[in-house]
Amino acid sequence: MATRKNKPKTTNNKTFFQKLKTIIWKSMLWFFGLSIALVIIYKWVPVPFTPLMFTRVVENKLDGKDAILSHDWVSLDEISPNLQKAVIASEDGNFLKHNGFDFLAMQKAFKNNNRGKKLKGGSTISQQTAKNVFLWQGRSYIRKGLEAYFTVLIELIWGKERIMEVYLNSIEMGNGVYGAEEAARYWYAKKAIDLSTREAAGIAAILPNPRKYKATNSSSYIERRKGKIVRVMRHIGKIEY
């Protein structure tokens, strides 16, 4: 009596892995295509909404608070050069020189963190912009990898001037306050173009935690930060992108 031979399972396994490989490959192509297209679009179109804005609205709703969101996009020539200098002085002194990453600042931050010192993380304005516009908040290797990817893209496609424009229009500058125009209105009752050196330093000083600190009627800690930022600003010449 003839016995039937069982079909080898290797064929089915091979088919499964081939399908999985195809799915992964197509997903990667879609991701790269869509991400590059979005970066190209945002080179010319104002960023209407960021993941952080959405997160803050949801957080406030869950806490039973009003969902405050103030955001008014303006072009870079409507933002005082004082504020541009202030964020460079406080957040990224080598912004105009590096290609998106300040490895010396990262190394310094890493060493100080290992020593237990509480210091800013060494992220550049370009990295912060990439994170704010395209990614979620939090710390993970996946997010840091995507942040690096988007940082390279915006450096290549946008350039420094556009990065600064998007940065100053999208970052959180108070509780529910986003962008330079709204921040100037909220803290000083004026337009962003009219910010003085000290006022610009006040906004820049609270960026590490804009929901905790105040640009006006500030704590002694923020007042010291303002003074330091103003001193650094004096050494920044005319900004040329």
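Visitor: Which residues of helix 3 meet helix 9?
Guide: N82, L83, A86, V87, S90 and E91 in helix 3 meet T197, A200, A201, I203 and A204 in helix 9. Contact here means heavy atoms within 4.5 Å. This is a predicted model, where local features need pLDDT of at least 70 and side-chain atom pairs count only at pLDDT 80 or more, while totals for chains, interfaces and linings use all residues. Residues are numbered from 1 along each chain as its sequence is written, and side-chain values use heavy atoms, with hydrogens and water left out.

Visitor: How do the residues of that helix 3 and helix 9 contact divide?
Guide: Into 7 nonpolar, 3 polar and 1 charged. Ala, Val, Leu, Ile, Met, Phe, Trp, Tyr, Cys and Pro count as nonpolar, Asp, Glu, Lys and Arg as charged, and the others, Gly among them, as polar.

Visitor: And at what angle do helix 3 and helix 9 pack?
Guide: About 45 degrees, and the axes of helix 3 and helix 9 (residues 197-205) are 8 Å apart. Axes are lines fitted to C-alpha atoms, for helices over the stretch in contact, and angles run from 0 to 180 degrees between N-to-C directions. Helices (H or I, at least four residues) and strands (E, at least two) are DSSP runs, numbered from the N terminus.

Visitor: What about helix 3 and helix 7, how do they pack?
Guide: Helix 3 (residues 81-91) and helix 7 (residues 160-170) pack at about 90 degrees, with axes 11 Å apart. That makes helix 3 roughly perpendicular to helix 7; under 35 degrees counts as roughly parallel, over 145 as roughly antiparallel, 65 to 115 as roughly perpendicular and the rest as oblique.

Visitor: Which residues make that contact?
Guide: L83, Q84, V87, I88 and E91 of helix 3, with M164, Y167 and L168 of helix 7. They divide into 6 nonpolar, 1 polar and 1 charged.

Visitor: Switching to strands: in what order do they sit in the sheet?
Guide: 3 strands form an open sheet in the order 1-3-2, with mixed pairing. Strand 1 (70-71) and strand 2 (172-174) are at the edges with a single partner strand each, so one side of each has no neighbour in the sheet. Two strands pair if DSSP finds at least two bridges between them.

Visitor: How many bridges join strand 1 to strand 3?
Guide: There are 2, and strand 1 and strand 3 (residues 177-178) run parallel. S70 stands opposite V177 in strand 3.
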